[in-house]
Structures are given as structure tokens and as C-alpha cells.
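Look at how the chain is divided, and then at what surrounds the ligand. The paragraphs below take these topics in turn.

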Amino acid sequence: MSSSTPTTAPAESRTHTPAAPGRSDVVIVGAGIIGLAHAFEALSKGLSVTVVDRDRRPVGASVRNFGHCCISAQDGELLALAQRSRPGWLRAAEAAGIWAAEAGTLVVARSATEAAVLEELRAERGGDAVELRTAAQTAALLGRADGAAGDLVGGALLPADLRVNPREAAPGLARWVVEQPQGRILWGTAVTGVESGTVHTTRGQVHGDRILICVGHDLDYLFPDIAEDHGVQRCRLTMARAEAPAGFRTDSAVLTATSMLRYDAFTSRPSAAGLREEVLGHSAELLEIGANVMFTRLPDGAVLVGDSHHYDATTPPFIDERTYELLIGAVAEVLGVERLRILERWQGVYASSPRGPLLVRDLAPGVRAISVTSGIGMTLSFGLAAATFDGTLAPTA
Ligand SMILES: Cc1cc2nc3c(=O)[nH]c(=O)nc-3n(C[C@H](O)[C@H](O)[C@H](O)COP(=O)(O)OP(=O)(O)OC[C@H]3O[C@@H](n4cnc5c(N)ncnc54)[C@H](O)[C@@H]3O)c2cc1C
């Protein structure tokens, strides 16, 4: 397997860079997945769209993640929004020619308590949404070297979930946007202020009837009071791309016990409290780094491994090597191998808030800010975009 970074033709090679005159129906600030999903939805409805981004191609949270549309692990309103996202992702993938696998999520259980949480989820959602697996079936899906189940006690496949390649999804959508007669992206153009009808940028003004600000965690640079009012923080995560063991071929995302402690579909089960105690007992160090031990396979066969969570208004740039040792060691254990060879490391940042998973604020007539303030922007993106344009996305408090 090659250890070189998978490449995607730079999206900026097909875009207009100077702020061309003219008014668009919709101006979108931010070419991450939230901005681009809105651009896709607007263009699909026949509206003209200008996207403005300070960078030369997508390099934010949207390319640094697992590419996991983690639908089934959501609960309540977020589940409904995530379910709405699914057809949007599939339509966009087909239109833009990007890889999207209807591969679901495999949740592995390595204790009776973990298995109980999965069983409880199946009892509530039904066997079509939560397909329980035996230890041997789970081991086979993971492609564990000797086919041995090791310490696995079972698992569950959540078939509704999708996988995309985070390195190509946003760049591929950006290419699609600029291929549309009514779409353009102004790269290398930082937005400095917004008012009704007008976006002020480092290259002049851009005009639009409707302005959507989709700048993720950097909302505080543009609208510090709004960000502060919603308690927006940065969540920094550590990630790696590693060589996958030969047998690991599933396109399903793989979640483990620490994942079950982070997503509402699991945390709302009766056995979840006992699970936290159990994980604290055998893996306190994983909880200390805020671990969500999970992994996904890229189409080139490498595996994305992560992640830890560190919350702060401004995040430190330094990553303790111990964090990597813990995460990589935990993934190797699940895969039943001694070690994984790391090919690349990086950190990602997303917006987070203790006050709620979404920030939707109307800042002036025709000007709206939309940031996902939890780690599920890939999951919600197309659901949010659909709700924005059918008028059902309500402002958050
Ligand atoms: C490591 C990691 C793993 C994750 N895993 C998952 C996952 O598996 N599933 C999932 O659903 N979610 C996941 N997430 C969360 C998800 O990636 C984010 O919620 C989502 O990408 C946010 O998208 P966005 O478009 O708001 O932000 P971004 O992708 O960060 O894009 C924001 C864009 O705004 C631009 N911008 C900012 N300020 C300005 C300005 N003033 N002028 C012009 N442009 C500006 C930036 O240049 C950037 O391109 C993960 C996140 C990380 C970091």
C-alpha cells in the first residue's frame, strides 16, 4: 500500500477568484461541508449561488474527519435531521461523482454491558435499524487476522449510516458547484463583515438576497458576541491515517465502547450508566483524553483512526504523543493486531457548545449564521440544507 497522501485535484483550479460583480440569490460564507451542502441544495432549486472562502480549497473540519454520516447514533430531533441528510448526501454524491458507501456502522461489543446497550437499542429501534451480530460475525466483519473473536462478545450493524471519503467529498462538491452555470466560488477571499444584502470581503463587496454564514468554529472571529452567547468553543481532535491490517476491508465505520459514551442513541439506554463505570474501571486514561475510539477505511485501503477531544476557546497546537499511543493501541486491540503503522497525523477542530448541538441565528434580515456545535456536521449537513431551503430550520435559542 502506498504511504503517499491521497490527492484530489485542487478545487481552486476550476474556480473564479476575483470578486466578480453581480448579485446572487444566495451568498454562502464558508466552503466546508455545511456551506457546500447549502450551495448544492440552492443550486438544485435553480437559485444562483456565490460561495466565499478565505482558503484556496476546503481544509477545515470537513476534510479532517472520518467521513462518517453517523445517523443511527443520534436521537430525537437530531436523528430526524440526520435521516433527512441521507438522501441529500446520496443525491450530491451521484451528481458530483464522489464516493458514498451505504455501508452502515459496526458497533463492537467487548463486554456484557456493551452488548446490553446494543440489545436495548435494538429493542427500541427494531431489528431492521439495529442488526445484532455474534462475536464470530463481528470478528469476520473486522477481518481479524486469525478470524478469532478474541475478547469480542458481539456487535451490531447500523445499516442506515453512510460513509464518504472526507478528503474528496468537500473538494468534489466544490468542483460541482463551479461547474454549474449559476454557481461560483471565490477562493482566497476572507469575509470581514456582513449586513443585509452585502458581504464585505478582502477583495471587495459581494451581494446577495440571502446570506448564509457557515464558518464553523470560526464564527467567533466574525461575530464574537453571537458565538459567546451560544458558548461556542473549539474542540480539538487528534487523528491519524494508518496502514490497515490485511483482513480489514469493511467500509462500515467501526465504533467501540467509548463511542457509545458519546452518542445519544447509546447514552439514553438504561445500561449506559453502568457502561461509563465499566470503561472508567478498565480504561480511565481513554476517558481522560476524551477518546472516541473509532476507525473508518478509506477507498485506498488505509484506515482513519481517532480520536481525542480537548475543549477550549483557543486550542493548544501541541499534541502529547501519549494521546496517539492510547488511541492507536486501542484500535489495534479491536482489530486483533499488535500494532498499526501510522502514515500521517493531524489535528482537526470543530465548533462545540455545552448549550446545544446547533447554532442557527438570524443576524439581520436575510442574514443567517449556521454552525453545527457538536461533532456531527458531516452527518447533519444535507439535512440542515434541506431544512434551510424549505423554511423549517428554526433559529436556536
Ligand atoms: C477530527 C474530526 C472528526 C470528525 N468526525 C466526524 C464524523 O465522522 N462525522 C460527522 O458527522 N462529523 C464529524 N466531525 C465534525 C464535522 O467535520 C464538522 O461538524 C463539519 O465538518 C463542520 O463543517 P463546516 O462547514 O461548518 O466547517 P469547516 O469544514 O471548518 O468549514 C468552514 C469554512 O469556513 C471558512 N471560513 C471561516 N471563516 C471565514 C471567513 N471569515 N471568510 C471566509 N471563509 C471563512 C473556512 O476557511 C472553512 O473552509 C469531525 C470533525 C473533526 C475535526
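Domain 1 and domain 2 bury about 1,600 Å² between them, with 60% of it on carbon and sulfur atoms; buried area is the accessible area (1.4 Å probe) that two parts lose on being put together, summed over both. This is a predicted model, in which local features need pLDDT of at least 70 and side-chain atom pairs count only at pLDDT 80 or more, while totals for chains, interfaces and linings use all residues. Residues are numbered from 1 along each chain as its sequence is written, and side-chain values use heavy atoms, with hydrogens and water left out.

Domain 1 comprises 12-71 + 166-228 + 355-389, and domain 2 comprises 105-158 + 233-352; the bounds come from an automatic or database domain assignment. Taken over C-alpha atoms, the centres of domain 1 and domain 2 are 30 Å apart. Contact (heavy atoms within 4.5 Å) joins 18 residues of domain 1 to 23 residues of domain 2.

Where does the ligand lie relative to domain 1 and domain 2? Both domains give residues to the shell around the ligand, so it lies between them. A residue is near the ligand if one of its heavy atoms lies within 4 Å of it. There are 35 residues around the ligand, and Asp 53, Ser 62, His 68, Val 191 and Thr 379 come nearest. The shell divides into 18 nonpolar, 13 polar and four charged residues, where Ala, Val, Leu, Ile, Met, Phe, Trp, Tyr, Cys and Pro count as nonpolar, Asp, Glu, Lys and Arg as charged, and the others, Gly among them, as polar.

Some distances to the ligand can be given atom by atom. An N or O atom in the side chain of Asn 65 is 2.9 Å from an oxygen atom of the ligand. For Met 378, a backbone N or O atom lies 3.1 Å from a ligand oxygen atom, and for Ala 61 the corresponding distance from a backbone N or O atom is 3.2 Å.

Terms used: A polar contact is a pair of N or O atoms within 3.5 Å; within protein, one must be able to donate a hydrogen and the other to accept it, and residues adjacent in sequence count only if both atoms are side-chain atoms.
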